[in-house]
Amino acid sequence: MSLLEDLKWRYATKKMNGQAVAQEKVDYIIEAARLAPTSSGLQPFKVIQITDPELKAKIQPIAYGQSQIVDCSHLLVFAAYDRYTQEYLDKVFEYSEKERNLPAGFSNDYKNMLWSKLSQQTQEEHFNHTARQAYIGFGLAIAAAAEQKVDATPMEGFDNEQLDKLLGLDKLGLKSVTLLALGYRDEANDWNVKLKKVRFSKEDFVIHLN
């Protein structure tokens, strides 16, 4: 199938059947997120993979009781760094130089220019930026799940602060952005499975400036 056909197949699964997803499929989905483009290659987010039933049960009330949290096979938490630091930029560019066999300090001019701008911004502005980068990876993970014929439910309906506290994300300098529940649809009990996928027409969606 083509990517477009895969995206037509997928939908926001409302009820999952509890069937396990093969780890190699989950690894593929996470790898798509890892390979996502990010601003200046900073990759300022992490993916937390959760399979423990007890932990998922603790998360369910934080996610307003949504059943996909406990019925899914794997729950992925996309979490972004709450701020940029000079130390983080040093780490990113030192690693990049090493991987590309470039001399140490090769990226200093660009790195210093970048930090001169970021250092003038607030922590809120930093998190707004890192969260947007996380969403790029999130989108590619959804597409990869569709390609693997794994159902996925994007979820923003949860209390971020409670989840961060439960998972100890604050100790890592991270804040949760969104969730992706992976599993397989319960066709007999999912009210959304048979509904037509509705999107605006291409004519309404695309603005041509020729």
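**Sheet and helix packing in the predicted model**

Four strands, taken as DSSP runs of E of at least two residues and numbered from the N terminus, form an open antiparallel sheet in the order S1-S2-S4-S3, where pairing requires that DSSP finds at least two bridges between two strands. Strand S1 (45-50) and strand S3 (151-155) are the edge strands, each pairing on one side only, and the twist averages 25° from one strand to the next. Strand S2 (residues 74-81) and strand S4 (residues 174-183) pair in the antiparallel sense over eight bridges, with Ala80 standing opposite Lys175 in S4.

The model is predicted, with local features needing pLDDT of at least 70 and side-chain atom pairs counting only at pLDDT 80 or more, whereas totals for chains, interfaces and linings use all residues. Residues are numbered from 1 along each chain as its sequence is written, and side-chain values use heavy atoms, with hydrogens and water left out.

Helix H7 lies across S1, S2, S3 and S4 and runs at about 10° to S4, angles being taken from 0 to 180 degrees between the N-to-C directions of axes fitted to C-alpha atoms, for helices over the stretch in contact. Helix H2 (residues 23-34) packs against helix H7 (residues 123-147) at an angle of about 150°, with the axes 7 Å apart; helices are DSSP runs of H or I of at least four residues. Contact, meaning heavy atoms within 4.5 Å, is made by Tyr28, Ile29, Ala32 and Ala33 of H2 and by Gly137, Leu140, Ala141, Ala144, Ala145 and Glu147 of H7.
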